[in-house]
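User: I've got a fold open in my viewer and I'd like to talk it through. Could you take some questions on it?

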Amino acid sequence: MEEKYETLKIQQESPNSGVFNLIINRPSVSNALGLNFFSEFPKVLNALDQNPIVAVIVLSGSGNHFCGGIDLKSLAAIADDNSGDQGRTRERLRRNIKLMQDAITAIERCRKPVIAAIHGACLGLGINIVTACDIRYCTKDAFFSVKEVDLAITADLGTLQRLPGIVGFGKAMELSLTGRRFSGDEAKELGLVSRVFGSREELKEGVRTIAEGIGGKPPLAVVGTKAVLIRSRDVNVEQGLDYVATWNSSMLLSEDLTEAISAQKQKRKPTFAKL
């Protein structure tokens, strides 16, 4: 946890808290992200996932914006990598795209819930990131854009795959083809975010309260709920039911269950072992 990163920083909410803040940390360029982000991000998520103290991860941005998209210098470097055999160049490009996709999917692979707390700009790559998060909140002055089409790119890191399931196919098509800017309030209307807060301070406090609440719940049930929901999204109902039956047959009979039942009977706050 002590390791320093170029694009990210980690802060525990308080000494005894299971809530950890993962902060995109390139404020001088509106948190536009270069290629090094794609190697650092999954590494950090995996470290947080494996840390038993961590219960919930809150993803936010430092400075005035959540994420200004991909760093244009990195985009130019990708575009200029066309020397030598074209077949090998294109195979290398496909491999790099797959690695970048995997870095974003690391959010879903992380067992712990990841909550996006969005303020200011959330553009292009930012949309790819937040659509992979488990819960999303924003400030009233946040603004969003599926920006890739304006940069001559077909969005390829998850937005086109995840956004339709969140806001609906037709709305995702309209936002992705126009690349238009939309507000925090419209993001709430679309279902992209669950709640809009009046200010960044209110967002931080509100999300902290929500995260602490989730962090106080039985850990096996929390990670199971995330895993089953993500799995069920991509299969039919019968397959989803079969998956959760198998999951609970291995996870249900636990000390968490015994403690939860005892706490309910005794009208006290439960205490669960770390995961």
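Analyst: Sure, here are questions and answers on the sheet, a helix and a couple of loop residues, and keep in mind that this is a predicted model.

User: Let's begin with the sheet. In what order do its strands come?

Analyst: The sheet is an open one built from 6 strands, and the pairing is mixed. Neighbouring strands in it are turned by 25° against each other on average, direction ignored. Reading across, the order is 1-2-3-4-6-9.

User: Which strands stand at the edges?

Analyst: An edge strand has a single partner, so one of its sides is left without a neighbour in the sheet. That description fits two strands here: strand 1 (8-12) and strand 9 (195-197).

User: How do strand 1 and strand 2 pair, parallel or antiparallel?

Analyst: Strand 1 and strand 2 form a hairpin, with 6 residues between them. Within that pair, Q11 stands opposite N21 of strand 2. The two are joined over 5 bridges, and the sense is antiparallel.

User: And on the other side of strand 2, which residue is the bridge partner of F20?

Analyst: There, strand 2 is joined to strand 3 by 6 bridges, and the two run parallel. The partner of F20 sits in strand 3, and it is I57.

User: How many residues of strand 2 are buried?

Analyst: Take the two faces in turn. On one side V19, N21 and I23 are buried, and on the other F20, L22 and I24 are buried as well. The strand is therefore largely enclosed by the rest of the structure, and the count is 6 of the 6.

User: Does strand 4 end up enclosed or open, and which of its residues point the same way as V114?

Analyst: Strand 4 has 5 of its 5 residues buried, so it is largely enclosed by the rest of the structure. I115 and A117 point one way from the strand. Pointing the other way, together with V114, are A116 and I118.

User: What residue is the bridge partner of I115?

Analyst: Strand 4 has pairings to two strands. With strand 3 it runs parallel over 3 bridges, and L59 stands opposite A116 there. With strand 6 the sense is parallel too, over 4 bridges, and the partner of I115 in strand 6 is I135.

User: Now towards strand 9: which residue there is the bridge partner of T139?

Analyst: Strand 6 (residues 135-139) pairs with strand 9 in the parallel sense, over 3 bridges. The partner of T139 in strand 9 is F197.

User: At about what angle does helix 8 run to strand 6?

Analyst: Helix 8 (residues 200-215) lies across several strands, namely strand 2, strand 3, strand 4, strand 6 and strand 9. Against strand 6, the angle is about 160°.

User: On to helix 3. How far apart are its end C-alpha atoms?

Analyst: Helix 3 covers residues 86-109, which is 24 residues. At 1.5 Å a residue it should span 34 Å, and the model agrees with that. The end-to-end separation is 33 Å.

User: Where does helix 3 bend?

Analyst: The bend comes to about 30°. The residue at the bend is also one of the buried ones in this helix. It is A103.

User: What covers the buried residues of helix 3?

Analyst: The buried set is T89, M100, A103, I104, A106, I107 and E108. What covers them includes strand 4 (114-118) and helix 1 (37-50). Also included are helix 4 (125-132), helix 5 (159-167) and helix 9 (219-233).

User: At the start of helix 3, which backbone nitrogen does D85 reach?

Analyst: A side-chain oxygen of D85 does the reaching, to within 3.2 Å. The backbone nitrogen belongs to G87.

User: Is S62 buried or exposed?

Analyst: S62 is found in the loop between strand 3 and helix 2 (72-80). It touches residues including I23, I24, N31 and R200, and its side chain makes a polar contact of 3.1 Å with that of N25. Its relative accessible area is 10%, which is under the 20% cut-off, so S62 is buried.

User: Last one: what separates the C-alpha atoms of D156 and I97?

Analyst: D156 lies in the loop between strand 7 (143-145) and helix 5, and it is partly exposed at 28% relative accessible area. It touches I97 and Q101, not counting residues up to four places away in sequence. D156 and I97 are 59 residues apart along the chain, and their C-alpha atoms are separated by 7.6 Å.

Notes
Residues numbered from 1 in each chain as written. Predicted model: local features only at pLDDT ≥ 70, side-chain atom pairs only at ≥ 80, totals over all residues. Heavy atoms only, no water. Expected span 1.5 Å × (residues − 1). Bend = angle between axes of the 7 residues up to and from the residue. Buried < 20%, exposed > 50% of the residue type's maximum accessible area, 1.4 Å probe, protein only. Contact = heavy atoms within 4.5 Å. Polar contact = N/O pair within 3.5 Å; in protein donor to acceptor, adjacent residues only side chain to side chain. Pairing = 2+ DSSP bridges. Axes fitted to C-alpha atoms, helices over the stretch in contact; angles between N-to-C directions.
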